[in-house]
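Dear colleague,

I am handing over the structure we spoke of, and below it I have set out what I found on going through the computed features. Please read the notes alongside the coordinates.

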Amino acid sequence: MSLDSSTPFTAQQLDEVGRELLFTGARTANAFSNEPVTDDELAAIWDLAKWAPTGGNSSPLRILFVRTEEGKARLLEHIADGNKDKTASAPVVAVLAVDTQFHEHIPTLAPHAAEMQEPCASDEAAADATSRFNATLQAGYLILAIRAQGLTAGPMAGFDGAGVDNEFFADGRFKSILVVNIGHPGENPWYDRLPRLPHADVLRWA
């Protein structure tokens, strides 16, 4: 069922299959098959991720899908050596970036708070902190959306951000924050799963 703004929303618990797909069973792939990822699949990933919340509905994340051989070659120049092989094997690599001029869209995204456009435009430090925090939130949502689309995501911080920005975002408006390999798992794609912290080290109650 497709929901729109006129359809009442009722929170429901995700079943075990969905939990495994998104969380408990999902893994980060380190090798990818030759099976292609289509434009429709990439569009569907964003059509899921875009609905998750950001502060003031600011939505500052921008995505560059690198999929041509020429584009991959340009990108690989700026990927850390330990990440080059897995990136080269991925059919699509998403470069996630912050739009430093995200506030231009505030009147469209938050018409009830359009007056927030001016402070964001005039206070560069505050705007940078806000946009980076919210773009990072969106990066997490995007990883889950990739998994929900039946694909595997390989997020990586091991790259030269300044180099990537100079290569692909030369006008300076977008600033890269994460690179995510996208595709179907290839041969021996998984490393051993690392542990997670127990409740006692993470949770507090008040």
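Asp-99 counts as buried, because its relative accessibility is 1% and the limit for that class is under 20%. Please keep in mind that this is a predicted model. Asp-99 forms a salt bridge with Arg-173, and the closest N and O atoms of the two are 2.7 Å apart. Since Arg-173 sits in the loop between α8 (161–168) and β4 (174–183), while Asp-99 belongs to strand β2 (residues 92–99), the pair ties together parts that are 74 residues apart in sequence. Arg-173, unlike its buried partner, counts as partly exposed, at 22% relative accessibility. The pair also belongs to a network of salt bridges, in which Arg-62, Asp-99, Glu-104 and Arg-173 are linked.

The count of salt bridges comes to 8, and two others may be of use to you. In one of them, the side chains of Arg-74 and Glu-70 meet at 3.5 Å, taken from N to O; both residues lie in helix α3 (residues 69–76), where they are 4 residues apart, or about one turn of the helix. Arg-74 is partly exposed, its relative accessible area being 26%. In the other, Asp-47 and Lys-50 are joined through their side chains with an N to O distance of 3.3 Å, and here both partners count as partly exposed, Asp-47 at 38% relative accessibility and Lys-50 at 33%.

Turning to the surface, there is a nonpolar patch formed by Leu-197, Val-202, Leu-203 and Trp-205, which together have about 500 Å² of accessible area. Trp-205 is placed in the segment after α9 (199–202), and this residue counts as exposed because its relative accessible area is 79%, whereas the class requires over 50%.

Finally, the second largest pocket has a volume of about 220 Å³. What classes of residue make up the lining of this second largest pocket? By class, the lining has 6 charged, 3 nonpolar and 2 polar residues. The charged residues that line it include Arg-27, Lys-86, Arg-147, Asp-192, Arg-193 and Arg-196, while Ala-26, Tyr-191 and Leu-194 are among the nonpolar ones, and Thr-28 and Asn-30 are among the polar ones.

With best regards

Terms used: Residues numbered from 1 in each chain as written. Predicted model: local features only at pLDDT ≥ 70, side-chain atom pairs only at ≥ 80, totals over all residues. Heavy atoms only, no water. Patch = residues over 30% accessible without salt bridge, like charges linked within 9 Å, V, L, I, M, F, W, Y side chains within 5 Å. Areas by Shrake-Rupley, 256 points an atom, 1.4 Å probe, with all protein chains shown as cover. Salt bridge = Lys/Arg side-chain N within 4 Å of Asp/Glu carboxyl O. Helix = DSSP H or I, 4+ residues; strand = E, 2+ residues; numbered from the N terminus. Buried < 20%, exposed > 50% of the residue type's maximum accessible area, 1.4 Å probe, protein only. 1 Å grid on protein atoms, 1.4 Å probe; cavity = no way out; pocket = protein on both sides within 12 Å on 5 of 7 lines; lining within 4 Å. Points joined across faces, edges and corners; volume = space filled by probe spheres on them.
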